[in-house]
Amino acid sequence: MFARLRSDIQCILDRDPAARSRWEVITCYPGLHAVWLHRSAHWCWNHGLKWLGRFISHGARWITGIEIHPGAKIGERVFFDHAMGVVVGETAEIGDGCTIYQGVTLGGTSLYKGSKRHPTLGRDVVVSAGAKVLGGFEVGDGAKIGSNAVVIKPVPAGATAVGIPARIIPTREGHSADVSAPPQAREFMAYGITQEDDPLSQAMRGLIDTAAAQEHQIALLWQAIEKLSAHRQDCVPGDAARKEQFEAGKFNALVGK
């Protein structure tokens, strides 16, 4: 038991640079308090003390601002960072090492009691601020959910989901978020999202690179035509045709490359 408590504290020290000491984490982190109170509520729920479990959960909500149904399953080293306004439904499952930020909802879309209505998060999933994960599907190990995303379908392991409704960005081989990487090689990313995870920026950079490559090819063609037609002055193109004018670097800088 004490080893698990120590791991709860250590995971916060590892992921939050603002945490300066174990004493500060124990006394000033509502996410940690919410996890500890949930364990008591979950024990009561599983042993037939339904009302007491709900009462502990209700009290934890008032104390921490984090609402976790006592029926939800939470793994080890789960960190609710800031986490005011987080709602975790009854049949939700949160895997080991997950990080959940403020305003997140792990909600259900079905009214049938006894069914799997809420999502299951795999290991090391990051759910960013304001995200809504709705439904009884799975979010794979190492996946990332972008801020304010609305996820209504499964997310593959290592992938990123952004937007409303969420678009899935597949895993990139060799990236630190990939579950194929060993645990020590995975880099934790606060709020889960990097510049490279924006699909619109990726599309714009692709178009810019394509335009630059096409202009380069056109310039080479004109230079070849100039050499072949050197004896005919009327076929020689101007400087603008032989030189590349498209400033790909400038446009990539505008979209965040």
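## Salt bridges, sheets and a nonpolar patch

Arg61 counts as partly exposed, its relative accessibility being 37%. This value, like every other in the report, comes from a predicted model. The side chain of Arg61 meets that of Glu67 in a salt bridge, with 3.1 Å from N to O, and Glu67 is itself partly exposed at 33% relative accessibility. Side chains of opposite charge can pair when their charged atoms come close.

The pair of Arg61 and Glu67 belongs to a structure that holds 7 salt bridges. Others of these bridges involve Arg123, which forms one with Asp124 and another with Asp141, so that Arg123, Asp124 and Asp141 are linked in a network of salt bridges. The table sets out three of the pairs with their N to O distances.

| Acidic residue | Basic residue | Closest N to O distance |
|---|---|---|
| Glu67 | Arg61 | 3.1 Å |
| Asp124 | Arg123 | 3.9 Å |
| Asp141 | Arg123 | 3.0 Å |

Within the network, Asp141 and Arg123 have their closest N and O atoms 3.0 Å apart. Asp141 lies in the loop between strand 11 (138-139) and strand 12, whereas Arg123 lies in the loop between strand 8 (120-121) and strand 9 (126-127), so the pair ties together parts that are 18 residues apart in sequence. The members of the network are partly exposed: Arg123 has a relative accessibility of 37%, Asp124 has a relative accessible area of 29%, and Asp141 has a relative accessibility of 23%. Because buried means under 20% relative accessible area, the 23% of Asp141 leaves this residue in the partly exposed class.

Strand 12, which follows the loop that carries Asp141, is part of an open sheet of 6 strands with the order 3-6-9-12-14-15 and mixed pairing. Strand 3 (79-80) and strand 15 (167-169) stand at the edges of this sheet, each with a single partner strand, so one side of each is left without a neighbour in the sheet. Strand 12 (residues 144-145) runs parallel to strand 14 (residues 160-162), and 2 bridges join them; here Ile145 stands opposite Ala161 of strand 14. Strands of a sheet pair through backbone hydrogen bonds, either parallel or antiparallel.

A further open sheet is formed by 5 strands in the order 1-4-7-10-13, and its pairing is parallel. Its edges are strand 1 (67-68) and strand 13 (150-151), each of which has a single partner strand, so one side of each is left without a neighbour in the sheet. At the strand 13 edge, strand 10 (residues 132-134) pairs with strand 13 in the parallel sense over 2 bridges, and Val133 has Val151 in strand 13 as its bridge partner.

The surface also carries a nonpolar patch, formed by Trp43, Leu49, Trp51, Leu52 and Phe55, whose accessible area together is about 580 Å². Helix 4 (residues 50-64) supplies the largest share of this patch, with 3 residues. Phe55 lies in helix 4 and is partly exposed, with a relative accessible area of 49%; because exposed means over 50%, Phe55 at 49% stays in the partly exposed class.

Terms used:
Residues numbered from 1 in each chain as written. Predicted model: local features only at pLDDT ≥ 70, side-chain atom pairs only at ≥ 80, totals over all residues. Heavy atoms only, no water. Pairing = 2+ DSSP bridges. Helix = DSSP H or I, 4+ residues; strand = E, 2+ residues; numbered from the N terminus. Salt bridge = Lys/Arg side-chain N within 4 Å of Asp/Glu carboxyl O. Buried < 20%, exposed > 50% of the residue type's maximum accessible area, 1.4 Å probe, protein only. Patch = residues over 30% accessible without salt bridge, like charges linked within 9 Å, V, L, I, M, F, W, Y side chains within 5 Å. Areas by Shrake-Rupley, 256 points an atom, 1.4 Å probe, with all protein chains shown as cover.
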